[in-house]
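Take a moment with the sequence and the 3D structure. Then follow the chain step by step.

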Amino acid sequence: MSLEKDGRPDPHQYFMGIAIAVRKRANCLGSRIGAVIVQKGRIVSTGYNGTPENMPNCLDGGCHRCANRDKYPSGTGYDLCICVHAEQNAILAAARFGIPVEGSTVYTTMRPCFSCTKEMLQAKVAAVYYLHDWSHPNPAHKAEYERLQAGFPQGIRRIEMDDPEVSWATAPRPKAEELNQAPMSADQHGGQDL
């Protein structure tokens, strides 16, 4: 991590560090992702991935796609997935409270998927910074994905910094039915330990 002269993290690393903290609330059987929307140097909204409000969480079998990950390879079955992505949740929370995001910067712990990219472009997000790379699993879609992401006026960039919980955040969790067979206790992230 590069530090400013006074020993503080630079603004990009500071906001990404907060996105990492937000990610701890994620409840998904796949990757856990956090996002922060910044407007004029201030955080205006945050989001993490999980099921919609008042729906059973993934860890409770709430999402068919997540509970049956072996049937849906990465990048497929999104029309069946009830999970809301971190970037979507951040935009929706801002909209719910009347906070404009036009011209904002999004910091997200994973490079945004097609859907989140489209939604951020439609919301007029100016720039995106991400920690971990993601690419569409179908190489035939790579050019279209990159063309779409080139639409951010101030670009999309990867931030180079340590992620002490990368294994926890990017490794798929056991299937929901496997979790229901073992005794569980709350872990430090609000999730479940086997």
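Over the ring of which residue does the charged end of Arg32 sit? The ring belongs to Trp168, and the charged end of Arg32 is 5.2 Å from its centre. Keep in mind that this is a predicted model.

How confident is the prediction? The mean pLDDT of the protein is 86, and 86% of its residues reach 70 or more. Over residues 179-194 the pLDDT falls below 50. That stretch still has 29 contacts in the model beyond near neighbours in sequence.

Now for the overall plan. The protein has seven helices and seven strands. Read from the N terminus, the elements run α-β-β-α-α-β-α-β-α-β-α-α-β-β. There are 194 residues, and 45% of them count as buried. Look also at the contacts between residues with a separation of 6 or more. Of these, 62% join residues that are 24 or more positions apart.

Next comes the sheet. Five strands make up an open sheet, in the order β2-β1-β3-β4-β5, with mixed pairing. Which strands stand at the edges? They are β2 (42-48) and β5 (156-158). Each has a single partner strand, so one side of each is left without a neighbour in the sheet. On average, neighbouring strands are turned by 20° against each other, direction ignored.

What holds strands side by side? Strands of a sheet pair through backbone hydrogen bonds, either parallel or antiparallel. Both kinds occur here. β1 and β2 pair in the antiparallel sense over six bridges. Within this pair, Ala35 has Gly47 in β2 as its bridge partner. Strand β1 (residues 34-39) is also antiparallel to strand β3 (residues 105-110), over four bridges. There, Val38 stands opposite Thr105 in β3. β3 and β4, in contrast, pair in the parallel sense over five bridges. Thr105 appears again here: its bridge partner in β4 is Ala127. As for β4, six of its six residues are buried, so to speak of it as mostly covered is fair.

Stop at the turn between the first two strands. Lys40 is in the loop between β1 and β2. The hairpin has two residues between the strands, and Lys40 takes a positive phi near 55°. Is Lys40 buried or exposed? It has a relative accessible area of 80%, so Lys40 is exposed. Lys40 and Gly103 are 63 residues apart in sequence, yet their C-alpha atoms are 8.8 Å apart in space.

Helices pack on this sheet. Helix α1 (residues 11-23) touches β1, β2, β3 and β4 (127-132). Its direction makes about 140° with that of β1. Helix α3 (residues 86-96) lies across β1, β2 and β3. It runs at about 130° to β2.

Which residues of α3 are buried? They are Ala86, Glu87, Gln88, Ala90, Ile91 and Ala94. Their cover includes β1, β2, β3 and α4 (114-122). After α3 comes Gly98, whose phi is positive, near 70°.

The loop between α2 (64-67) and α3 holds His85. The cut-off for buried is under 20% relative accessible area. His85 has 19%, so it counts as buried. Leaving aside residues up to four places away in sequence, His85 touches Tyr48, Asn49, Tyr78, Cys113 and Cys116.

Finally, turn to the aromatic rings. The whole structure contains five aromatic pairs. A pair of aromatic rings is described by the distance of the centres and the angle of the planes. Take Phe15 and Tyr107. Their ring centres are 5.4 Å apart and their planes are at 40°, so the pair is tilted. Phe15 lies in helix α1 and Tyr107 in strand β3, so the pair ties together parts that are 92 residues apart in sequence. Phe15 is buried, and Tyr107 is buried too. Both rings belong to one aromatic cluster, formed by Tyr14, Phe15, Tyr107 and Tyr129.

Technical notes
Residues numbered from 1 in each chain as written. Predicted model: local features only at pLDDT ≥ 70, side-chain atom pairs only at ≥ 80, totals over all residues. Heavy atoms only, no water. Pairing = 2+ DSSP bridges. Axes fitted to C-alpha atoms, helices over the stretch in contact; angles between N-to-C directions. Contact = heavy atoms within 4.5 Å. Phe/Tyr/Trp six-rings, centres within 6.5 Å; stacked < 30°, edge-to-face > 60°. Buried < 20%, exposed > 50% of the residue type's maximum accessible area, 1.4 Å probe, protein only. Lys NZ or Arg CZ within 6 Å of the ring centre and 35° of its normal. pLDDT = per-residue confidence, 0-100.
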